[in-house]
Amino acid sequence: MSDIYYKSITKVTNILLFLENVKAPAYNEMVEIKLDNGDIVSGQVLDASDRFTVIQSFGSTSGMNIGSTSVRLTGETAKFSVSDKMLGRMFNGLGEPIDGGPAVYGGEERDINGAPINPYAREEPSEFIQTGISSIDGMNSLVRGQKLPIFSGSGMKHNQLAMQIVKQAKVLNDNERFAVVFGGIGITSESANFFKDELESSGALDRTVVFLNLSSSPSVERIMLPRVALTAAEYLAYDKGMEVLVVLVDMTNYCEALKEISAAREEIPSRRGYPGYMYTDLASIFERAGKIKEKKGSITLLPILTMPGDDITHPIPDLTGYITEGQVVMNRDLEKKGIVPNIDVLSSLSRLMNQGIGANKTREDHRNLANQLFAAYAAGKDLRSLSEVVGEGALSSSDKKLVEFSDKFEREFVNQGYEQNRSITDTLSIGWELLSYLDKSEMKRLKSEEMEKYGKWTQ
Amino acid sequence: MEGIITKVSGAVVEATHVDTPKMNDMVRVGLSGLVGEIVRLQNDKAVIQVYEDTTGLRVGDRVVNTHTQLSVKLAPGLLGSIFDGIQRPLEKIMAQSGDFMAKGVDAEPLDTTKKWKFIPSVKKGSIVKGGQVIGEVQETSLIKHRVMVPLQLSGELKFIEEGEFTINQKIAVIADKTGDVDIIMLQEWPVRLFRPVKEKLPPEIPLITGQRVLDSFFPIAKGGTAAIPGPFGSGKTVTQHSLAEWSDADIIVYVGCGERGNEMTEMLTTLPKLKDPKSGKSLMDRTILIANTSNMPVAAREASIYTGAAMAEYYRDMGYNVALMADSTSRWAEALRELSGRLEEMPGEEGYPAYLSSRIADFYERAGRVRTLGGDTGSLTLIGAVSPAGGDISEPVSQSTLRVTRVFWALDSALANARHFPAINWLNSYSLYEDDLTPWYKDNIARDWPELKKELMTVLAREAEINEIVQLVGYDALPDEDKMILDIAKIIKEDFLQQNAFDQVDAFSSIKKQYQILSSINELYSLEKSCVSNQIPISVFSSVRAKDVLAKMKYITDDKLDSVRRDFEVALEEIKNNTVVKNE
């Protein structure tokens, strides 16, 4: 919009620029920062004011100075050009191609912040997605349009789990158009290569749009990446009618970037140095998942985050859990026991499970079977820790059975490896098989019809 | 005169030259006319909190003062609707601007073309005063909307007519001291102001929720206040939904404040299908939904609970029992914190503004059972979910809330992980209404209600102690008395406290059924006690039929309660016969 280059920079930090006397800046407007050597870095207005305007730079501020570095307002807010030519391509966090290919022309420019879905326009997610993983399908089922994060810890194999879901996920009796939007936020190039190879070998790469910000790329770009990725996803879902699965790794890096910028702006932090608006900020990303009435497509969101110190009460998993519709929790003790995937079904949860399961969806006994498995596994685990204190001898015989049940549950139900793809029927029958190990009279959550039809008790 | 924007920082905008700005004036900001409210004045500068996304708002853009305060429009047509935090009708907005929320859209909150049949209840010539009911409109199949005289007016009714009117058409004329005033059904009320009442009455009647753990152990009074704090996944929202669906209030206002969009959708799809147990009419007909989801503008989230409270008070003034559920007040407090930070106010604990606890206290003070200005009795019950960071309720929002609310339903993640729902911890929760409500329970349910409840609560408290001993010595080392307590506690937990919100029958438990299950458990308990004191081993109870009958009770519809009860008595007799035989 303007050809004016402002040279009125008064302060430069590692992320931010402060400018004086800028004429009519807009909130969140994109700017170009021109260095002495002619390099151009993009940035964004964080605070617009007739006196001081604060700009965050998406590139390194190294080489910028007071006096000759200049800033031009573009008159535009951040946009991303969407079209179906995005599929099979790779972009950075700002939406610029990084695969050596040409820019995507002919697309429609969309504001990367999107707009909130009108709650009245939403459709309740209710289609069961079979991931082929028993601890998810059987116990914490995923449905189309849900946002279900994976809470992991450093060093755990959440990448493998994510790729297993991407490769195996399908909706029963349905072969609709399916696309993957992958956002790598501050990940290492090794992880990036792993994802690329996995997508390629499964033949999913040409149905995938990849957005990549490596750990060596500018951290401020991480703020933009999920927004650009979801703008692409919204286009594929609601304009093209595709069923889109969005994977974002690692949201912890996103939150760290948010903290970094907040600190640079000298804002008053809330818990552990994270900004007070982190909940709202994360919600503006996660709430973009969903389904819309009378539209074909959907966005299912699988954000992955590593819990610092495996602590689920840390602000990042905590705020995420309050926004998302459940969580899949990976557990270090299970990992040490060699259980793969190391999903802790008890602290995991899917809030939309009830909508997606039952007669005509999965099977009529699914809900009660899951409840019974939960109850027995929880009781068994409690008793196991009790027996570690008082010795196994102090347990009654039915208690001993429960302890053994909980071991079997981990070894046979949860432990399936990253390759095995179980149908929901298989998952349910493994569950029934395990229950037959316990006394029939203890099955408080099951209906007698269900026990007769599916139970595997011998007498 | 138009104001000029001088600064934009998130939801907070500063402007100069605003036309005669007053605190809390509503203004239109920028080219697309975003809705905002003046929250601070300083020399010639007005600080404005904007209720929509400010991206793209430019320094130098205009600000127009509307010279009105942020208000709600009150008239027939509120019930069954869904609004955003500043009462914009989401259904109409979708028709206007599509599936995504566009900026600066304007839509009348209520239908101004629909004609309602108005039936006067007072005669021409009578003297009326503010708040008095002058007629009725059948607003929905469940609720008669009582049209009240605007609060500031009083005088002789010079004209009143039966007929079909829109909410903007004259239905009556009052000769007020300022002259003759035309009365229409539509009224406006500033959201931040309490609607006045004649007096507050003591809480004496419980709000029956159909949730066993609440009604029996931690009851809330009509006009009471309750807090539900809990970590994520512990079932705050499911509990709030159950209350919205099953509690015996006349009107429900449900404020989804900074929470998930899909949850509001769930309410929109389930409520119309659910039937009122008394009339068989759709529960949506008594409900107003306010949805300001977490990704919708943060300032509107701050306003949303006031919007809800103003509507709730309006129906209370008609003489209805209204219940307002706010999910979640922590998100509202976070909105306060965010705005306060942008205003560069001095922060208090955890960055929350220093006035956090007075704002919370102020909100809950709107609850109460009241005598209305019109002379009726109405009530407003407030139930707020709290989402403490990390589930730790020592944080400021939980603590400020617990200081003012009289019921505490403590959600517990350990119970939730074991899928014990509702995951309300029976040892930590409390209700300060117990004494106020005991006479009602004695008169309407059973004389022995208080003793029964106390007896079984003691079992649960005892169980917690014994469990600590079990940790040290193991179960087998326990004496039979203790084993008996564990046995009964298990039954209370599994067959009474646990309730399945997704089971057709179990979702709502009538107070009669609650009493029957409790007294049946107590009878089994008495029998076990007498056996244990007669040296009969507790193991004889390990798989008696009576326990199976008990387990089934919660899944039985009310019409079959008596026959199950007889079966239970038979089963108790069987135990008695068996134990006598064994003893000989």
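## Exercises around strand β1 of chain B

β1(B) and β2(B) form a hairpin with two residues between them, and B:Gly10 in the turn has a positive phi of about 60 degrees. Keep in mind that this is a predicted model.

**Exercise 1.** Work out how many bridges join β1(B) to β2(B), and in which sense the two strands run.

*Solution.* Start by locating the partner: strand β2 covers residues 12-16 of chain B. Next, count the bridges to β1(B): there are five, and the strands run antiparallel. Finally, pick out a pair to check on screen: B:Ile5 has B:Ala15 as its bridge partner in β2(B).

**Exercise 2.** Find which strand of chain A pairs with β1(B), and which strand of chain B does so over two bridges.

*Solution.* Take chain A to begin with. Its strand β4 (residues 40-49) pairs with β1(B) in the antiparallel sense over two bridges. Here A:Ala48 stands opposite B:Val8. Then turn to chain B, where strand β6 (residues 62-69) also pairs antiparallel with β1(B), over two bridges. In this pairing, B:Gly3 faces B:Val63 of β6(B).

**Exercise 3.** Decide whether β1(B) is mostly covered or mostly open.

*Solution.* The strand spans residues 3-9. Counting residues under 20% relative accessible area as buried, five of its seven residues qualify, and β1(B) is mostly covered.

**Exercise 4.** Compare the span of helix α12(B) with the expected value, then describe its burial.

*Solution.* The helix takes in residues 480-497, 18 in number. From first C-alpha to last it reaches 24 Å, close to the 26 Å expected at 1.5 Å a residue. As for burial, 14 of the 18 residues are buried, leaving α12(B) mostly covered.

Definitions and conventions: Residues numbered from 1 in each chain as written. Chains lettered and ligands numbered in written order. Predicted model: local features only at pLDDT ≥ 70, side-chain atom pairs only at ≥ 80, totals over all residues. Heavy atoms only, no water. Helix = DSSP H or I, 4+ residues; strand = E, 2+ residues; numbered from the N terminus. Expected span 1.5 Å × (residues − 1). Buried < 20%, exposed > 50% of the residue type's maximum accessible area, 1.4 Å probe, protein only. Pairing = 2+ DSSP bridges.
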